[in-house]
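Me: I want to know what stands behind the labels used for this model. Please take me through them one by one.

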Amino acid sequence: MPRRTFSCFLIGGNSLLVSCAELLLEQGHEVLGVVSPDEGIRDWAARQGLDAVDADQDLTAYLSARPFDYLFSVANLRMLPEAVLSLPRELPVNFHDAPLPRHAGLNATTWAILGGETLHGVSWHVMTERADAGDLLARREVPVSERDTSHTLNVKCLEAGVESFAELIEDLALGRAERHPQNPAGRNYHGRFDRPAGGGFLSWDRTPQELDATVRAMEFGPHPNAFGTAKIACDDGPVLVYGSEILPHSSRRAPGTVVETGDDGIVVATTGRDLRLTGLTTPTGRPLPAAALAARRIRPGHRLPAADAPLLEAASGAQRRSLRDEAFWVRRLSRLTPADLPHRRTSPTGTDGTPLRHLVPVPDDGDRAAHATGLDRAQWLLTASLAFLARLGVESGTDVRLLHTGHLTGHPVVDALYAPAVPLRVPEVADRTMSACGTEVVRELEAAVRRGGPAHDLATRHRALRERRPALTDLPLAVELTEDMTEPAAPPAGAALLIRIPLRDGPCQWVFAEDAFGHEEAVLTAEHAAAFLHAAAHAPHAELDGIALGSDARRAELAAWNDTATDFPLDLCVHQMVTRQARLRPDAPAVVCGGRTLTYGDLDRRSSDLAGLLRARGAGPGTRVGVCLSRSPELVVALLAVMKSGAAYVPLDPLYPAERIAYMATDTALPLLITDPGAARGLPALTAGLLLLDRDRPATAAYAPEPGADVASGTDAYVIYTSGSTGHPKGVRISHRALTNFVCAMSDAPGFTDRDRLLAVTTVCFDIAGLELYLPLVTGGQVEIASAGTAADGFRLRELLESSLPTVMQATPATWRMLIEAGWRGQPHGAPLRILCGGERLPTDLADALLSRGARLWNMYGPTETTIWSAVTPVTSAERTSIGRPIANTRLHVLDARRRPLPTGVPGELYIGGEGWPSAPPARTPPCSTPWTRP
């Protein structure tokens, strides 16, 4: 018969299918499509130009769309109905990794090794509705060595499958393939859940060959292992075994006696030669080196417990129950996502310690609320507790572990193989009532509890779980439904919090791991939980995300804390306040720098003269003027002059890169830039007109001074740029009103008077320089400006600080640390220094170092967008630093992702409101760009 080509479909799920498809294509046959649950195989098929679909397709409809000759089922565990099997014009053909009729069914290579067989094989047979029962078309023998594992024998079978498939399709093409009925007398069948008795435990009354075969049979290499693991019983529980080797000698010790131990495993005496067992782990997969084995009393001379009948019977029963749910647990645990509270301090270490236990009372109307929502009391408390966690910031859809000891056998060694918990998802609470959430929680609870805890070794047997952490027993939040609330409890290992819910009457109990929560955090969390239960019971049909968090008393306390209303002269501008001080003390020193001093009278007069010139050059309300000057008295004169002119200044540091200066000048469309000859030499090409102070100062005489008395406080005082750490620098518009509120608030706390002197070290392009330059001048004090070189050098700055002895200095933590590293030991006795520290988080060690130098330390916090600092607080202990209270006419709100208030002690997004905000949103329309969010 002449050779002919044929058409076919392939269905299956591993690399053998790819190899078979390649052989078909090489020999000129037409592959009409590939059906596979494996995305990688479908991708391969698509790259070859083949049609590829998922295995969950309607196969009858898909395959019947066009006629074809053969259907090849390759590594396909799915039974196909007669409607599909009848579609090929010739035959449906299936591959089986065993020499049929022996070892029909699943796990054929594993059963072959367990049986001590020396010869195995593969078969291609006609596929029928009865598994592995059709006529044989091709067979190939595969030898089994004494070191083969399920993994290595599977590899051999795949190779034999490819070789025999090549012969089969050639025979089909030539019409010489023969069908041979299987001999029913030689058939044995292994079902999906068939396993050897004993649950994988090694019995020391077995031969070393049988023990070794048990271990090798359960080694699947990198591939999923649905069969199980080998185990030994020990005094302290089970130990999993992943490797074995029969040694050439016998120690002649009693079977089960440990002969040697090491980091690579143990040697155990058997009924024959000694057996080396390697790859020893705990049930959860933690390796057991020699030290860990010794801690379990596994040392030379120790005789391991016998795997007696009660143990083997209990292990077999537990395995039978768990196997039917294993696929479910693999899917469920592969999607495990830890639920966690955002405000706990550290990860729990599992170290011994006294847990923090707090009772959470159940509201008097809790039973009525539960009944109204269709739940029993415990279900209502569980749902409410999970909903409260979601409201605290725990992500909906993440998992807590529900402690559950159902399906226990009563044998401690066997029970230790299974997790004493099941995962439970935190429900979505947005726009949902207790009834809706409770229905979901109860449904999932009942499904999980019905199955019982999954086997610990799933994480080692399935790659999808091996590569995913944490495991179920590592989830940081745990929940327990318990009959006995009198028994003292602690969070289980790896958990930060245990929520205990009574199945009968009585309060709930929240138990916190002391290394994950401080006392105050635990108290507040439990208090807020009680308030949530009370509110939920009072309004049983309310949407859960609408329930206010915290008690009425706590919310009133927070409102009082946030009540910072203060009567400041907010209709005045900073330059007008400086003019007022100039009238009060015209001859008092105002600005000092490098041996030069400007009095208040000089400062006011010179800034008004320059303002007049700026007005003549077009500056005024609604315009912006750049200021690019070195750190000198002229810098202060220029800043005040721009404000008096009615324009807003844009600070530009001469030390900044030319590209950054060009970006800011272009972004603000500067029409005019104040500079000096030295700074001008480093400027990039700009469209702005230049006003050189040294050159143009005489011109001021030609114009009337401008005191800025008519500048409205609602207009912009300056535009300052952020660092650009999250992208391009962004311009922020700050009004005169906001700036006035800020300096007035700072004069109250941390405080500044006409007797104070401040050493200014911050570049004018950093917004906190506004405090250094303006706070002294509006209060009648004095500011000394350190040169840029001095401010950047710790030793020079130390010398200036020690010689000038200011009463106040503000700097970032980095600058304070630089000073300390340069040897600064603090101010001399009688010359106290008030330290203002902000711009970065205040580290504990730095706070301790500053306090030890006798300084009065203030921590300052605030984003540029809310006018320099929004909250300040004195620091008296390095261990307890916070951002403090809001400054005058400012409010702080901590909100969740949906902008709902969070109670005291619960983290969220910080929203800042009040007078510090700009008066209008600076959208990205010329000439300035700043994102705008106003709570």
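The questions below go through ring pairs, burial, charges over rings and helix packing.

Reply: This is a predicted model, so local features need pLDDT of at least 70 and side-chain atom pairs count only at pLDDT 80 or more, while totals for chains, interfaces and linings use all residues. Residues are numbered from 1 along each chain as its sequence is written, and side-chain values use heavy atoms, with hydrogens and water left out.

Me: What makes Phe-95 and Trp-124 a tilted aromatic pair?

Reply: Rings of Phe, Tyr and Trp (its six-membered ring) pair if their centres lie within 6.5 Å; planes under 30 degrees apart are stacked, over 60 edge-to-face, and the rest tilted. Here the centres are 5.0 Å apart and the planes meet at 55°. The pair links strand β5 (residues 91-96) to strand β7 (residues 119-126). Strands (E, at least two residues) and helices (H or I, at least four) are DSSP runs, numbered from the N terminus. Phe-95 and Trp-124 also belong to one aromatic cluster with Phe-6, Tyr-70, Phe-72 and Phe-165.

Me: Why is the pair of Tyr-649 and Tyr-718 called stacked?

Reply: The ring planes are at 25° and the centres 5.3 Å apart, so the pair is stacked. Tyr-649 is in strand β25 and Tyr-718 in strand β28, so the pair ties together parts 69 residues apart in sequence.

Me: Why does Tyr-649 count as buried?

Reply: Buried means under 20% relative accessible area (exposed is over 50%, partly exposed in between; 1.4 Å probe, protein chains only). Tyr-649 has 4% relative accessibility, so it counts as buried. Tyr-718, with 3%, is buried too.

Me: How do you know that the charged end of Arg-451 sits over the ring of Phe-328?

Reply: The test asks for NZ of Lys or CZ of Arg within 6 Å of the ring centre and within 35 degrees of the ring normal. The charged end of Arg-451 sits over the Phe-328 ring, 3.6 Å from its centre. Arg-195 does likewise over Phe-227, at 4.5 Å.

Me: Why are α29 and α30 called oblique to each other?

Reply: Angles under 35 degrees are roughly parallel, over 145 roughly antiparallel, 65 to 115 roughly perpendicular, and the rest oblique. Helix α29 (residues 813-821) packs against helix α30 (residues 844-852) at about 55°, with axes 11 Å apart. Axes are lines fitted to C-alpha atoms over the stretch in contact, with angles from 0 to 180 degrees between N-to-C directions. The two helices are therefore oblique.
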